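Subject: Structure handover

Hello,

Please find the structure below, together with its sequence. My notes on it come after.

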Amino acid sequence: MTRKILAAANWKMNGSRTANRAWTDSFVPRSAELACNILVCAPSVYLSDLDRAFEGTKVMLGAQDVNEHANGAYTGETAAAMLKDVGCEWVIIGHSERRTLYGDSNERVAAKCRAAHEQGLRVVLCVGETLQEREAGTTIDVVTEQLQAALNAIGPQALAAGALAYEPVWAIGTGKTATPAQAQEVHAALRDAVRAVDPESADALRILYGGSVKPANAAELFAMPDIDGALVGGAALKAEDFYSICASAQV
Ligand code: PGA
């Protein structure tokens, strides 16, 4: 089955109105030429601006996190319905920075997935092992457990309506990319875990690789059978680099 490549930008806590305008002015007019699906996940304060900038284009809009509750006394948090309200179609959940810095356990990630799914948001579920876990040989166990928590919460079909992102923690922002073969091995194991529950969803599910993806390595990653796109941090801050990564999906 052929799955269309999804190139997703994760801007993290970067940007300004001026910088974002420069990015969209450069990227958006050329985006129609790109063959892949494109998603930009931005800080929540800029989502409304970007919804306007992407209107009528093929660039989809996403947030970087969501609160697990529907509304109420959760100072500083953002609900799934609010993300929908400002034009988001997608949300990243379970990024390793949230897991390590903000205590997003598998249980909380599952609750966030449920909240997003209830509002019809498509989830980019992030999983990944630390260097210690890789060296201890537990990579597949760790990522499978992370996947399972979300899978139990929203089921395989909702997962396949979104995407799964394999992001080895040791490769994020470090310049160290997993080799295409290393990534492929984990992606295949993740797809097998979904296949055990629902083969059709497993075939449809896009599994993105994330961790120091750049124009120079995107094509070789996309060439692997179970790598269906990328979640791009640092390199997505430059419109030119993100465009090159998207263009790598043509070949
Ligand atoms: P990076 O980040 O591309 O800067 O390594 C990827 C991510 O954290 O999603």
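The notes start at the ligand, move to some residues around it, and end with the nonpolar cores and two helix residues.

Please keep in mind that this is a predicted model.

The ligand

The shell around the ligand holds 13 residues, and the closest of them are Lys12, His95, Glu167, Gly173 and Ser212. By type, the shell splits into 4 nonpolar, 7 polar and 2 charged residues.

Some distances to oxygen atoms of the ligand are worth noting. An N or O atom in the side chain of Glu167 is 2.7 Å from a ligand oxygen. For Asn10, a side-chain N or O atom is 3.5 Å from an oxygen atom of the ligand. With Gly173 the partner belongs to the backbone: a polar backbone atom is 2.7 Å from a ligand oxygen. On its own the ligand would expose 290 Å², and the protein buries 95% of that.

Asn10, Lys12 and Ser212

Asn10 is part of strand E1. Its relative accessible area is 5%, so Asn10 is buried, the limit being under 20%. Setting aside residues up to four places away in sequence, Asn10 touches Cys41, Gln64, Ile92, His95, Leu231, Val232, Gly233 and Ala236. One of these, His95, is also among the residues closest to the ligand.

A polar atom of the Asn10 side chain also lies 3.1 Å from the backbone nitrogen of Lys12. Lys12 sits in the loop between strand E1 (6-10) and H1. What is the sign of phi in Lys12? Phi is positive there, near 55 degrees, although Lys12 is a residue other than glycine. Most residues other than glycine have a negative phi.

Ser212 also has a positive phi, near 60 degrees, and is likewise not a glycine. The place of Ser212 is the loop between strand E7 (206-210) and helix H10 (215-222). Ser212 counts as buried because its relative accessible area is 17%, and the cut-off is under 20%.

The nonpolar cores

The largest nonpolar core has 71 residues, and those that touch the most other members are Phe27, Val91, Leu125, Leu147, Leu190, Tyr209 and Phe242. Which helix gives the most to this core? Helix H7 (residues 139-161) does, with 9 residues.

Tyr209 can serve as an example from that list. Apart from its neighbours within four places in sequence, Tyr209 is in contact with Tyr166, Pro168, Ala171, Thr177, Ala178, Ala183, His187, Leu221, Ile227, Gly229, Ala230 and Leu231.

There is also a second, separate core of 13 residues, with Ala8, Leu39, Cys41 and Val124 among them. Cys41 has already come up as a residue that Asn10 touches.

Two helix residues

Gly155 lies in helix H7. Is Gly155 buried or exposed? Its relative accessibility is 15%, so Gly155 counts as buried. From C-alpha to C-alpha, Gly155 and Ala80 are 18 Å apart in space, with their positions 75 residues apart in sequence.

Asn20 belongs to helix H1 (residues 17-27). At 7% relative accessibility, Asn20 is also counted as buried. Beyond its neighbours within four places in sequence, the residues in contact with Asn20 are Trp11, Gly15 and Tyr46.

To find your way around, you could start from the ligand and its closest residues, Lys12, His95, Glu167, Gly173 and Ser212.

Regards

Technical notes. Residues numbered from 1 in each chain as written. Predicted model: local features only at pLDDT ≥ 70, side-chain atom pairs only at ≥ 80, totals over all residues. Heavy atoms only, no water. Near = heavy atom within 4 Å. Polar contact = N/O pair within 3.5 Å; in protein donor to acceptor, adjacent residues only side chain to side chain. Areas by Shrake-Rupley, 256 points an atom, 1.4 Å probe, with all protein chains shown as cover. Nonpolar A, V, L, I, M, F, W, Y, C, P; charged D, E, K, R; others polar. Core = buried A, V, L, I, M, F, W, Y, C linked by side-chain atoms within 4.5 Å. Buried < 20%, exposed > 50% of the residue type's maximum accessible area, 1.4 Å probe, protein only. Helix = DSSP H or I, 4+ residues; strand = E, 2+ residues; numbered from the N terminus. Contact = heavy atoms within 4.5 Å.
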